[in-house]
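Q: Could you take me through one part of this model in detail, the charged cluster and the helices that carry it? I'd like one connected account rather than a list.

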Amino acid sequence: MLPSAIDESQPGAIVPTVLVLFVTIPLAELFLLIEVGSWIGALPTIGLCLLTAMMGAGLLRQQGVQTLARARNNLDRGSLPAVELLEGAALIVGGALLLTPGLVTDVIGFLCLIPPTRRWLVRLALARMAVRVGPAGPPPGSGGGSAGGSDEHNVIEGEYERRDNDPRR
């Protein structure tokens, strides 16, 4: 999640934050890998990274199947699987982070895969979003046209046929 100090109303406000993350996360990974390697050795550190990737792949498969089953269940009942879609996105992010070599990204990846923390992250994301369910298009009364609404713009539907070689021209 991005820090809450970012003002989303400014289009360029997110770029510096992403740039800082792209610099600080690899540096933190390097520092932590060097520290852990000095404590347990180089080969066990590499083995630890591989082990977390394999465990993450198994957990990702299990959680992905469960999330997909819940989404299908919601669709069968006629309800929108919005939370399950966001959980699926969190699973994708978590899986990508677990495949990235490093211990910091592994911790963040596991947080995205463990159901209680994943649900907490999804609730946090939903609290920051404006979710609107309804037909696509502009809201009523915004001047974008309507089907029988109170707009002053009338929409006339019809069919036409274009005749480029019409001799009456």
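A: Let's fix one term before we start: a salt bridge here is a side-chain nitrogen of Lys or Arg within 4 Å of a carboxyl oxygen of Asp or Glu. The general idea is that side chains of opposite charge can pair when their charged atoms come close. Bear in mind that this is a predicted model.

With that cut-off in hand, start at Glu87 and Arg70, whose side chains meet in a salt bridge at 2.4 Å, N to O. Glu87 sits in helix 3 and Arg70 in helix 2, so the pair ties together parts that are 17 residues apart in sequence. Helix 3 covers residues 82-99, and helix 2 covers residues 42-77.

Is Glu87 buried or exposed? Glu87 is buried, because its relative accessible area is 2% and the cut-off for buried is under 20%. Arg70, on the other side of the pair, counts as partly exposed at 26% relative accessibility.

What surrounds Glu87, leaving out residues up to four places away in sequence? Glu87 touches Thr67, Arg70, Arg118, Arg119 and Val122. Three arginines show up in that list: Arg70, Arg118 and Arg119. Thr67, another of these contacts, is one of the buried residues of helix 2.

Now follow Glu87 to Arg119. These two form a salt bridge as well, with the closest N and O atoms 3.6 Å apart. This pair links distant parts of the chain, since Arg119 is in helix 5 (residues 115-128) and Glu87 in helix 3, 32 residues apart. Arg119 is partly exposed, with a relative accessible area of 34%.

Go back to Arg70 and you'll find another partner, Glu84, in a salt bridge of 3.9 Å, N to O. Arg70 belongs to helix 2 and Glu84 to helix 3, so this pair ties together parts that are 14 residues apart in sequence. Glu84 is buried, with a relative accessible area of 12%.

Put the pieces together and you get a network of salt bridges that links Arg70, Glu84, Glu87, Arg118 and Arg119. How many salt bridges does a search of the whole structure find? That search finds four.

Next, the helix that brings Arg70 into this network. Helix 2 has 36 residues, and at 1.5 Å a residue these should span 52 Å; the end C-alpha atoms are 52 Å apart, which agrees. Just after helix 2, Gly78 takes a positive phi of about 90°.

Which residues of helix 2 are buried? They are Thr45, Cys49, Thr52, Ala53, Gly56, Gln63, Thr67, Ala71 and Asn74. As a rule, an α-helix has 3.6 residues a turn, so residues three or four places apart point the same way. The cover over the buried residues of helix 2 includes helix 1, helix 3, helix 4 (104-113) and helix 5.

Cys49, from that buried set, has 15% relative accessibility, so it counts as buried. Cys112 counts as buried too, at 7%. The structure holds zero disulfides. For reference, a disulfide is a covalent bond between the sulfur atoms of two cysteines.

Helix 2 also has a nonpolar side to its story. Trp39, Ile40, Leu43, Ile46, Leu48, Leu50, Leu51, Met54 and Met55 make a nonpolar surface patch of about 1000 Å². Helix 2 gives the largest share of the patch, seven residues, while helix 1 (14-40) and helix 2 each supply at least two. Ile40, one of the patch residues, lies in helix 1 and counts as partly exposed at 44% relative accessibility.

Finally, the setting for all this. The protein has five helices and zero strands, and from the N terminus on its elements run α-α-α-α-α. Of its 169 residues, 21% are buried. Among contacts between residues at least 6 apart in sequence, 51% join residues at least 24 apart. The accessible surface comes to about 12700 Å², and 66% of that belongs to carbon and sulfur atoms.

How values were computed:
Residues are numbered from 1 along each chain as its sequence is written. This is a predicted model: local features need pLDDT of at least 70, side-chain atom pairs count only at pLDDT 80 or more; totals for chains, interfaces and linings use all residues. Side-chain values use heavy atoms; hydrogens and water are left out. A disulfide is a pair of cysteine sulfur atoms within 2.5 Å. Buried means under 20% relative accessible area, exposed over 50%, partly exposed in between (1.4 Å probe, protein chains only). Helices (H or I, at least four residues) and strands (E, at least two) are DSSP runs, numbered from the N terminus. Contact means heavy atoms within 4.5 Å. Patches are made of residues with over 30% relative accessible area and no salt bridge: like charges are joined within 9 Å, nonpolar side chains (Val, Leu, Ile, Met, Phe, Trp, Tyr) within 5 Å. Accessible areas come from the Shrake-Rupley method with a 1.4 Å probe; for residues, only the protein chains shown count as cover. The expected span of a helix is 1.5 Å times one less than its number of residues.
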